[in-house]
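User: I'd like to talk through the pockets and the ring contacts in this one. Can you take my questions in turn?

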Amino acid sequence: MTDLADQAWFRDPALGRILALLSADGGEGRVVGGAVRNSLMGLPVNDVDIATTLRPEAVMERAAAAGIKAVPTGLEHGTVTLVIDGKPFEVTTLRTDVETDGRHAKVAFSTDWKADAERRDLTINALYADAKGEVVDLVGGLADIKTRNIRFIGDAARRIAEDHLRILRFFRFFAYYGSGRPDAEGLKACSAARSKLTTLSAERVWSELRKLLGADDPGRALLWMRQVAVLTEILPESERWGIDAIPSLITTEKALGWTPDPLLRLAAIVPPDLARLEALAARLKLSNAEAATLKAWAMAAPANDEMSPAAFERLLYRNGADGITTRLKLALAVARGKAESDFDEMARSARLIKLLDKAMQWKKPPFPLNGGDVISAGIASGPRVGELLAGLENQWVEENFVSDRAALLARLHERVQ
């Protein structure tokens, strides 16, 4: 398919209005990048980006004359966002690179479609669709779409030297769209330049890694990243731990209908060592919530799949459900990976599933007493209050939460007499 005119997203009147606006009076606008790529691959289209020969000031002038809201989201890079009925369309002027340093680029505006295509990273991302829906291929992207070949435009080493993040983008796009073996020249160039990843901001590295880990199946991409030492460069914690658990985890996710979770996949390839995970979170600048998730996993006590329901509830109360849930999911993936040839692992899988279901539905019961109750019983404010509360709570937990507030108050008064 080289004509997108019949695609529902392309028939959107708002898009048609913008393309007509940009293509009038000597200008031209074309859809570029992900929307074209995904359509050709039969995948959903979300965002629609547009490239134009018009300079950003001209885009804003035309939008104003047509009553279309224009937001100058990145004028120095030629980008204006046009909004129709609340729907944004990012419009960027054709560009050429004047200067690159592996992290940032100084650009000049252009009217040359081929030059604009050749400055992009991968062939499948440099396809255009004109106002009629006809696909324009200036870099051999259509052939790569058909074979699902992820390939740099032109010289791979040069593309990477322009922006070192393209190393991770190469593997990320392979995880989402690639098939077979990655392009040999691309692999070689990524391996040769892998040390340059340390020059990038932690936020950019983690953003790309998180997206890669969120792919439907990142296993092959991770394997090749490890083969060429790129994974070790950005995630040294994975070097001795390995990625062997990923295939069974992906299989388990699909079988049980789990939503792909980048942090769960990360946990599968790094050791549950609190000190190392805290260093990882600091190095990659994970969010507080992400760091807390890894910490909970590292600190959670392992669940014995043969433990009683009461014992499991006590474990959940004292450790919290989040970390134990992560441990159970990883343990279940390992057990299911062995279950086809091991009856014991099949039985263990069934027990782990029951524990996991309980953990995912579990709500921590509130302890009926508080410090005010202890003080009201005649204990002065101080360490003794906490000691009494902790002792009563521990006994309440060991009895599986059966004592109500009245019973606990009676027990409290017995202890303070």
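What follows is a short run of questions and answers on pockets, aromatic pairs and charges over rings.

User: Before we start, what kind of model is this, and what pLDDT do local features need?
Analyst: Residues are numbered from 1 along each chain as its sequence is written, and side-chain values use heavy atoms, with hydrogens and water left out. This is a predicted model, where totals for chains, interfaces and linings use all residues, side-chain atom pairs count only at pLDDT 80 or more, and local features need pLDDT of at least 70.

User: Which element gives the most to the lining of the largest pocket?
Analyst: A pocket here is an open set of points on a 1 Å grid over the protein atoms alone, where a 1.4 Å probe fits, with protein on both sides within 12 Å along at least five of seven lines; lining residues have an atom within 4 Å of a point. The largest one has a volume of about 1500 Å³, the space filled by probe spheres set on the points. Of its 44 lining residues, D49, R95, R120, D121 and R169 are the closest to the centre. Helices are DSSP runs (H or I, at least four residues) numbered from the N terminus, and the one giving the most, with six residues, is α7.

User: How many nonpolar residues line the second largest pocket?
Analyst: That pocket has a volume of about 360 Å³. Among its 21 lining residues, W241, R327, L330, A331 and V334 are closest to the centre, and α18 supplies the largest share, six residues. Next to one polar and three charged residues, the nonpolar count is 17.

User: Are the rings of F152 and F170 stacked or edge-to-face?
Analyst: Phe, Tyr and Trp (its six-membered ring) pair if their ring centres lie within 6.5 Å; planes under 30 degrees apart are stacked, over 60 edge-to-face and the rest tilted. F170 is buried (under 20% relative accessible area, 1.4 Å probe, protein chains only), at 0%, and F152 is buried too, at 2%. Their centres are 5.2 Å apart and their planes at 15°, so the pair is stacked.

User: Which residue lies over the face of Y317?
Analyst: Y317 is buried at 8% relative accessibility, and ring pairs link Y317, F367, W396 and F401 into a cluster. A charge sits over a ring if NZ of Lys or CZ of Arg is within 6 Å of the ring centre and within 35 degrees of the ring normal. At 4.6 Å from the ring centre of Y317, the residue over its face is K364.

Note on methods: Helices (H or I, at least four residues) and strands (E, at least two) are DSSP runs, numbered from the N terminus. Ala, Val, Leu, Ile, Met, Phe, Trp, Tyr, Cys and Pro count as nonpolar, Asp, Glu, Lys and Arg as charged, and the others, Gly among them, as polar. Buried means under 20% relative accessible area, exposed over 50%, partly exposed in between (1.4 Å probe, protein chains only).
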